[in-house]
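Biologist: Could you take me slowly through one part of this model, beginning at a single residue and moving inward from there? I would like to follow the contacts, the core and the empty spaces, and then the cysteines.

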Amino acid sequence: MAFKGIVEFDEDRCKGCEMCASACPKKIIGMSGHVNSMGYHPAGVEKKDECIACASCALMCPDGAIKVFKEN
């Protein structure tokens with residue numbers, strides 16, 4: 001059984017490179033419609049209930065803007 005995950009993005013650190021979105025096996029990460037303090041569209045989870053806590057997104061993030069937690 002897969003874990004449920006909680007993903008937290010530090011939107012101000014995200015530069016919108018989309019590497020996290022391409023690494024996500026569930027394809028649940030997308031780019032936000034708003035702009036962060038650096039002028040980029042930050043990433044975010046679109047379907048939070050489908051996250052399996054694999055942390056692929058966090059491992060791919062070059063800016064360390066993503067934290068993944070497993071839910072019990």
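Modeller: Met 19 belongs to helix H1, which covers residues 19-23, and please keep in mind throughout that the model is predicted. With a relative accessible area of 32%, Met 19 is partly exposed. Leaving out residues up to four places away in sequence, Met 19 touches Met 60 and Pro 62. The second of these partners, Pro 62, lies 43 residues from Met 19 in sequence, yet the C-alpha atoms of Met 19 and Pro 62 are 8.4 Å apart in space.

From there we can turn to the core. The largest nonpolar core has 15 residues, and the members that touch the most others are Val 7, Phe 9, Cys 20, Ile 29 and Ile 66. Helix H1 gives two or more residues to this core, as do strand E1 (4-9) and strand E3 (43-45). Val 7 has contacts beyond its neighbours within four places in sequence, and these are with Val 45, Cys 51, Cys 57, Ile 66, Lys 67 and Val 68.

Next come the empty spaces, for rolling a probe the size of a water molecule over the atoms shows where empty space is left. In this structure there are two cavities of 30 Å³ or more. The largest cavity has a volume of about 100 Å³, and among the 15 residues that line it, Cys 24, Ile 28, Cys 51, Cys 54 and Cys 57 lie nearest its centre. The lining of the largest cavity is made up of 13 nonpolar residues, one polar and one charged. The second largest cavity has a volume of about 80 Å³, and it is lined by 15 residues, of which Cys 14, Cys 17, Cys 20, Cys 61 and Ile 66 are the closest to its centre. Its lining divides into 11 nonpolar, one polar and three charged residues.

With so many cysteines named, one may ask how many disulfides a search of the whole structure finds. The number is zero, where a disulfide is a covalent bond between the sulfur atoms of two cysteines. For Cys 54, the closest cysteine sulfur is in Cys 24, and because the two sulfurs are 6.0 Å apart, they are too far for a bond. Cys 57 is likewise in no disulfide, since its nearest cysteine sulfur, that of Cys 54, is 6.3 Å away and the cut-off is 2.5 Å. As for exposure, Cys 54 is partly exposed, at 35% relative accessibility, whereas Cys 57, with a relative accessible area of 6%, is buried.

Definitions and conventions:
Residues numbered from 1 in each chain as written. Predicted model: local features only at pLDDT ≥ 70, side-chain atom pairs only at ≥ 80, totals over all residues. Heavy atoms only, no water. Helix = DSSP H or I, 4+ residues; strand = E, 2+ residues; numbered from the N terminus. Buried < 20%, exposed > 50% of the residue type's maximum accessible area, 1.4 Å probe, protein only. Contact = heavy atoms within 4.5 Å. Core = buried A, V, L, I, M, F, W, Y, C linked by side-chain atoms within 4.5 Å. 1 Å grid on protein atoms, 1.4 Å probe; cavity = no way out; pocket = protein on both sides within 12 Å on 5 of 7 lines; lining within 4 Å. Points joined across faces, edges and corners; volume = space filled by probe spheres on them. Nonpolar A, V, L, I, M, F, W, Y, C, P; charged D, E, K, R; others polar.
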